[in-house]
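Open the model in your viewer and keep the selection panel at hand. Each stop below names what to select and says what is there.

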Amino acid sequence: MVDTPADTPQAPQDFAATLERLEALVARLESGALSLEDSLAAFEQGVGLTRDAQQRLDAAELKVRQLVEQPSGELGEAPFGAEGAAR
């Protein structure tokens, strides 16, 4: 039986673990062995994991965009929106 959102522990703290859980859910859905109710619960979990993964990617992208080349040639962090300020 598929964990329902109330039974599911918090999302993994690691992006790779989130993807692994998502891949496992997809495999179970594709197997055709789940009942309709279990398939719907798995789909709901998948949507939640997908949102979690997207948020992690968005946060990582923001962090990467904050890294800008300093006048010394080294990379350093700058406030978001200041990409052109150090150039």
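**Confidence first**

Colour by pLDDT, the predictor's confidence in each residue, from 0 to 100. The mean for the protein chain is 79, and 72% of its residues reach 70 or more. This is a predicted model, in which local features need pLDDT of at least 70 and side-chain atom pairs count only at pLDDT 80 or more, while totals for chains, interfaces and linings use all residues. Residues are numbered from 1 along each chain as its sequence is written, and side-chain values use heavy atoms, with hydrogens and water left out.

Select residues 1–9. Their pLDDT stays under 50, and the model gives them 15 contacts beyond four places in sequence. A contact means heavy atoms within 4.5 Å. Where pLDDT is low, the predicted coordinates should not be read in detail.

**The fold**

Switch to cartoon. The protein chain has 2 helices and 2 strands, in the order α-α-β-β along the sequence. These elements are DSSP runs numbered from the N terminus: helices are H or I, at least four residues, and strands are E, at least two. Helix 1 has the highest mean pLDDT of the elements, 94, and strand 1 (residues 67–69) the lowest, 71. Of the contacts with a separation of 6 or more, 47% join residues 24 or more positions apart.

**Helix 2, end to end**

Select residues 36–66, which form helix 2. What span should its 31 residues have? At 1.5 Å a residue, 45 Å is expected, and the end C-alpha atoms are 45 Å apart, which agrees. The expected span is 1.5 Å times one less than the number of residues.

Now show the buried residues of helix 2: Asp38, Ala41, Ala42, Gln45, Gly46, Leu49, Asp52 and Ala53. Buried means under 20% relative accessible area, exposed over 50%, and partly exposed in between (1.4 Å probe, protein chains only). These residues pack against helix 1. Across the protein chain, 21% of the 87 residues count as buried.

**The nonpolar core**

Select Leu22, Leu25, Leu34, Ala42 and Leu49. These 5 residues make up the largest nonpolar core. Helix 1 (15–31) and helix 2 each supply at least two residues of this core. Such a core is a set of buried Ala, Val, Leu, Ile, Met, Phe, Trp, Tyr and Cys residues joined through side-chain atoms within 4.5 Å.

**The salt bridge**

Zoom to Arg56 and Asp52. Their closest N and O atoms are 2.8 Å apart. The structure holds 1 salt bridge, meaning a side-chain nitrogen of Lys or Arg within 4 Å of a carboxyl oxygen of Asp or Glu. Arg56 and Asp52 are 4 residues apart in helix 2, so about one helical turn separates them. Is Asp52 buried or exposed? Asp52 is buried, at 15% relative accessible area. Arg56 is partly exposed, at 23%.

**Last stop: Gln13**

Select Gln13, in the segment before helix 1. Gln13 is exposed, at 69% relative accessibility. Measure from its C-alpha to that of Asp52: the two residues are 39 apart in sequence and 9.8 Å apart in space.
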